[in-house]
Amino acid sequence: MSRWRPPVAASTALITRAGHETLKAELDELWRVKRPEVVRALAAAAAEGDRSENAEYTYRKKQLGEIDRRVRYLSKRIPALRVVDSTPEDEGAVFFGATVEVEDVATGEIRTHRIVGPDETDAGRGWISIDSPLARAMLKKRVDDEFDAELPGGSNRFAIVDVSYED
């Protein structure tokens, strides 16, 4: 069995204004607050002597690496993002930033999803990435339109119940 895996498709570089501000705030918090705290704790742990058996030192090194990895990612990702802070001309159709109520035709279950960028998805809030199969399937659909979406659990049929755009 080979380890080769097909390359992952690049994620869409769209983000809402609020999502962009959140990412910038996270980068600022990591760089100005968390990283200096961890560096101080790492220096204190290193001063305790033998580093090979020092669990605190090992933990802080790992923590610093995680912070630096996230800082590098955000430093490259934020400038590459395109902020979408306007509503489309046709507010009756589903586009980026839309809050959409969809009904599962088979079960009658109604769920609300907001289509956002891949960097701001939040399943608990119902925010799905524009790159997700469900969001891709519902793009450009209107109220009462039905569509099929290939989800990990199989193909499902949905109907658009409502489309709105937040300010």
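D28 and R32 sit four residues apart in helix α1, which puts about one helical turn between them. Their side chains meet in a salt bridge, at 2.4 Å from N to O. This is a predicted model, and a search of the whole structure turns up 13 salt bridges. Here's a quick tour of three of them, plus the annotated domain.

**Pairs in helix α1**
- In the D28–R32 pair, R32 is exposed, with a relative accessible area of 61%, while D28 is partly exposed at 37%.
- K24 and E21 also pair up through their side chains, with 3.8 Å from N to O.
- That pair is three residues apart in helix α1 (residues 17–46), so about one helical turn separates K24 from E21.
- K24 is partly exposed at 38% relative accessible area, and E21 counts as partly exposed too, at 37%.

**The D131–R136 pair**
- D131 and R136 make a salt bridge through their side chains, at 3.0 Å from N to O.
- D131 has 28% relative accessibility and counts as partly exposed; R136, at 45%, is partly exposed as well.

**A shared network**
- Some salt bridges have partners in common, and R17, E21, K24 and D85 are joined into one network that way.

**The annotated domain**
- UniProt, in an unreviewed entry, places the feature "domain: Transcription elongation factor GreA/GreB C-terminal" at residues 90–165.
- Residues 90–165 are 46% strand and 8% helix.
- The end C-alpha atoms of that span lie 11 Å apart.

Note on methods: Residues numbered from 1 in each chain as written. Predicted model: local features only at pLDDT ≥ 70, side-chain atom pairs only at ≥ 80, totals over all residues. Heavy atoms only, no water. UniProt positions renumbered as here; feature names shortened; annotations may be inferred. Helix = DSSP H or I, 4+ residues; strand = E, 2+ residues; numbered from the N terminus. Salt bridge = Lys/Arg side-chain N within 4 Å of Asp/Glu carboxyl O. Buried < 20%, exposed > 50% of the residue type's maximum accessible area, 1.4 Å probe, protein only.
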